[in-house]
Amino acid sequence: MALIADPDEDLVRRVGQGDPAAIQAMVARKLPRMLALAQRMLGDPVEAEDVAQEAMLRAWKQAPRWKPGQAKFDTWLHRVGLNLCYDRLRRRREVPTEAPPDRPDDGPSPDRGLMAADVGARVNAALAHLPDRQREAVVLCHYQELTNIEAAALMAVSVDALESLLSRGRRALRLALADIRPGAEGV
């Protein structure tokens, strides 16, 4: 098996040795991406913060035992984050209720007012309605900026399967957001 070059190898080694500057650097480098991943997967900022913090805690605990060359640390950390998100999504589905909960108003809040914020909310809502695997593929490739090869490895699917998930996810997003695209009248 070929060794995988990892740009985080030195940083992880230093974190494993308890270097406070390395720990701070890892948090600064990785926490924003974990937070963005969790926010897009869960759609809840509070849960996203919890997931991102838990992922960083696991990274810190794993660092002394990390074996470089087998996988990229960033890929492992994304898998941890995704697993934590899926755990929370499963718990959401398992909560029995007697009556359906009140649905929040999906419209923009009065203080938002800016078109960009409204578009962002619409994109996030459309993303939340995608099937889990399609949403995961779109988030990893478009928001986390992983290559198709990295995302496919992270999802444990072939590159062709990832591209199929991306294609179906993009198509669903395009349909859901057709009214906000420039020139969408004829679509």
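What is the sign of phi at Ala-156, the residue that follows α7? In this predicted model, the phi of Ala-156 is positive, near 60 degrees.

**Helix α7 and its two sides**

Helix α7 spans residues 148-155, and within this helix Ala-151, Ala-152, Leu-154 and Met-155 are buried. These four cover an arc of only 160 degrees around the axis, which puts them on the same side of α7. On the other side of the helix lie Ile-149 and Ala-153, both of which are exposed. The buried residues of α7 pack against three helices, namely α4 (73-93), α6 (132-143) and α8 (159-176). Leu-162 touches Ala-151, Ala-152 and Met-155, and its contacts also include Ala-137, Cys-141, Asn-148 and Val-157, when residues up to four places away in sequence are not counted.

**The largest nonpolar core**

In soluble globular proteins, nonpolar side chains tend to be buried together. Here the largest nonpolar core has 44 residues, of which Met-26, Met-34, Leu-37, Met-41, Leu-140 and Leu-162 touch the most other members. At least two residues of this core come from each of the helices α1, α2, α3, α4, α5, α6, α7 and α8, and α4 gives the most, with eight residues. The residue ranges of several of these contributing helices are set out below.

| Helix supplying the core | Residues |
|---|---|
| α1 | 9-16 |
| α2 | 20-42 |
| α3 | 45-62 |
| α5 | 115-128 |

**The packing of α4 and α6**

Two packed helices are described by the angle between their axes and the distance between the axes. For α4 and α6, the axes come within 13 Å and cross at roughly 145 degrees, and the crossing in which α4 passes α6 is right-handed. On the α4 side, the residues that meet α6 are His-78, Arg-79, Leu-82, Tyr-86, Leu-89 and Arg-93, while α6 contributes Asp-132, Arg-133, Arg-135, Glu-136 and Leu-140. Leu-140 is also among the residues of the largest nonpolar core that touch the most other members.

**Aromatic pairs**

The count of aromatic pairs comes to three. In one pair, the rings of Trp-66 and Phe-73 have their centres 5.1 Å apart and their planes at 85 degrees, and because planes over 60 degrees apart count as edge-to-face, this pair is edge-to-face. Both Trp-66 and Phe-73 are buried, and together with Trp-76 they form one aromatic cluster.

Note on methods: Residues numbered from 1 in each chain as written. Predicted model: local features only at pLDDT ≥ 70, side-chain atom pairs only at ≥ 80, totals over all residues. Heavy atoms only, no water. Phe/Tyr/Trp six-rings, centres within 6.5 Å; stacked < 30°, edge-to-face > 60°. Buried < 20%, exposed > 50% of the residue type's maximum accessible area, 1.4 Å probe, protein only. Arc of directions from axis to C-beta. Contact = heavy atoms within 4.5 Å. Core = buried A, V, L, I, M, F, W, Y, C linked by side-chain atoms within 4.5 Å. Axes fitted to C-alpha atoms, helices over the stretch in contact; angles between N-to-C directions. Left-handed = near helix turned anticlockwise from the far one by under 90°.
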